[in-house]
Every structure is written in structure tokens, then in C-alpha cells.
Amino acid sequence: MRPLLVGTSFKMNLTSSEGARYFDVLRPLAAPLTSCELFVLPPFTSIWVARERLQGSNVAWGAQDVHAEDAGAHTGDISAPMLADLGCTFVEVGHSERRRDHGETDESVAGKVHQILRHGMTPIVCVGERTMEGRDSALHHVMAQVRTVLGPVAASDRSRVVIAYEPVWAIGTGATAADPGHVGAVHSGLHDFLRSRAGGSVDTRVIYGGSVDLQTSGPILEQGGVDGLFVGRAALDALYFAAIAGQAQEIAAPRR
Ligand code: PGA
């Protein structure tokens, strides 16, 4: 069994100086958490700081987005070779805030996934239904997203992909995490789909994101098919993120 994957995106938070302090606090707290795979996704401007402070630790770093081309006339964008050169392991794509603010679609996300894999990094593909709805309808929605995004991915690359199930209604201030039963049903359904011929016959890790905190992380991780957590605002405090990772470690240890 693969280790639980527990990570966070800072979104558009923390300056590089604040990021440096965050990494310095997290590094020793994360060191004993060897049953989990940990990652942080700071803003682009702090990725070099993450490399400086986390190199040689058990916390990987990465980015929150990438352009689908290697280089060229794309003002303000960042390419996969740039991220790979900074030692990034993970690259998040298709977050609902990027879909909302930058018009990203499953088709454009598919192009980014191809690029991330081509440069030897791991894509974290965010999917999720927009409004609160039943398990079957949520599953139907995310299966369609996964089909479009992973359709062009070669079978040999598919197992390297991570899917983040992030119901849009469960993300952000004022929202609450999805019910663990709902999360478990969607994750199990996604795994069944990925293993099926129609879904490409290759399973991937599926992690949950959306208002994860210390209260919700345990019950969600106990669900079958939940391979980890993608924590947002609760993890902007390194101590709190380490506490969530510590809880995952306790749950992961007996799983092995
Ligand atoms: P949140 O963010 O935990 O602040 O809701 C989660 C996410 O967007 O991944």
C-alpha cells in the first residue's frame, strides 16, 4: 500500500519571508512522520525558498499551476521546465479557483497534465461538483472530469497521477468539509471507475480537499479509498498542518 499523501497549497498567501519561517517550523515537525508522503505548494515566488529550506527533508514541494507549453510568448506564465529546475515534485492543476478566475477547463487541464508528466513531475488534478448534491450525481460529475483529463494520458503514466476530489461547495471560508460518508462513496466510486476498462484500467491515488481541519481529517481518512488530504486554509499555520499530518501518520501506521 502506498503511503498516505498529505499536502497543502498556500494559494495566494504568505510572502517568501513568511514562507521561509513556515518551512523552518514544519521541517523538524515533519521529520518523524515517515508513514506519510508530505508536500507543500507555495506561490511561484517562494518555490526557490522551499527548495532552500526543505531540500533533504521528507517534505516535497511544488506549484499551484503550470503553462501547457515549454517556453515562449506567454507573459506572466510559468513553464514545467522552470518548475522541474526548482526541484518541484508535485504540480496542482484545475483547482476550482483557477477554473473560476482564469477560465480553465478540463480540456486545458489535460494539456497541463501532459506537460507535467513529460517533465517527470506528478500532477495533482482537482475535480469536484459545484453544488451540494447526492453521491451518485457527484460521482457522475467527477468521473466525466477524470475521463476528459486523463483520456489522453498513456497507460504507463496514469499511475503517477494524483486526483484531488474537492467538492467546490466545500472549499473556502464559511464552507465545511463534505460528510465523510459522501467522501468515501465518491472516492470508492472513482477508484472503481479508474480500475475499469472505461476508466483506463489503471488506478491512481485519490486525495480529499475542502475545509479539512483537525476535526474532519481523521473521519475522512478512515474512509476506504481516501489516499490522503489536500489541506487549504487550516494549513497556513505550519504547526496546525503538522498536527493534521501527525494524525494521518497515526492512521497510516496500522494500515501498513
Ligand atoms: P480550504 O481549501 O481547505 O481552505 O477549503 C481547500 C482547497 O482549495 O484545496
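Leu14 sits in the loop between strand E1 and helix H1, and this loop is a convenient place to enter the structure, which is a predicted model. Leu14 has a positive phi of about 75 degrees although it is not a glycine. Lys11 is placed in the loop between E1 (4–9) and H1 as well, and Lys11 likewise departs from glycine-free expectation in having a positive phi, here of about 55 degrees, without being a glycine. As background, most residues other than glycine have a negative phi. In terms of exposure, Leu14 is partly exposed, with a relative accessible area of 24%, and for Lys11, which is also partly exposed, the relative accessible area is 24%.

Lys11 leads on to another loop residue, Gln64, since Lys11 is one of the residues in contact with Gln64 once neighbours within four places in sequence are left aside. Gln64 is found in the loop between strand E3 (59–63) and helix H3 (80–85), and, with a relative accessible area of 18%, Gln64 is buried, the limit for that term being under 20%. Besides Lys11, the contacts of Gln64 include Ser9 and Phe10, then Leu41, Pro42 and Pro43, and finally Glu92 and Arg98. Pro42 is 22 residues away from Gln64 along the chain, and the C-alpha atoms of these two residues are separated by 7.4 Å.

From the loop that holds Leu14 and Lys11, the next element to consider is H1, together with its partner H2. The axes of helix H1 (residues 16–30) and helix H2 (residues 47–54) come within 9 Å and cross at roughly 30 degrees; the two helices are therefore roughly parallel to each other, given that angles under 35 degrees are counted in this way. The crossing of H1 and H2 is right-handed. On the H1 side, the residues that meet the other helix are Ser16, Ala20, Phe23, Asp24 and Arg27, while H2 contributes Trp48, Val49, Ala50, Arg53 and Leu54.

The strands can be approached through E5, which covers residues 122–127 and has six of its six residues buried, so that this strand is largely enclosed by the rest of the structure. Both faces of E5 are covered, with Thr122, Ile124 and Cys126 buried on one side and Pro123, Val125 and Val127 buried on the other. E5 pairs with strand E4 (residues 90–93) in the parallel sense over four bridges, and in E4 the residue Phe90 stands opposite Thr122 of E5. E5 also pairs with strand E6 (residues 162–165), again in the parallel sense and over four bridges, with Val127 standing opposite Tyr165 in E6.

The buried nonpolar residues remain to be described. The largest nonpolar core has 70 residues, and those with the most contacts inside it are Tyr22, Leu26, Val40, Ile163 and Tyr208. Helix H10 (residues 238–255) gives the most to this core, with eight residues. Apart from this core lies another, of eleven residues, among them Phe39, Leu41, Val162 and Ala164. Tyr208, leaving aside its neighbours within four places in sequence, is in contact with a long list of residues, including Tyr165, Pro167, Ala170, Ala177 and Ala178, as well as Val183, His187, Ile220 and Phe230.

Key: Residues are numbered from 1 along each chain as its sequence is written. This is a predicted model: local features need pLDDT of at least 70, side-chain atom pairs count only at pLDDT 80 or more; totals for chains, interfaces and linings use all residues. Side-chain values use heavy atoms; hydrogens and water are left out. Buried means under 20% relative accessible area, exposed over 50%, partly exposed in between (1.4 Å probe, protein chains only). Two strands pair if DSSP finds at least two bridges between them. A nonpolar core is a set of buried Ala, Val, Leu, Ile, Met, Phe, Trp, Tyr and Cys residues joined through side-chain atoms within 4.5 Å. Contact means heavy atoms within 4.5 Å. Axes are lines fitted to C-alpha atoms, for helices over the stretch in contact, and angles run from 0 to 180 degrees between N-to-C directions. Angles under 35 degrees count as roughly parallel, over 145 as roughly antiparallel, 65 to 115 as roughly perpendicular and the rest as oblique. A crossing is left-handed if the near helix is turned anticlockwise from the far one by less than a right angle, and right-handed if clockwise.
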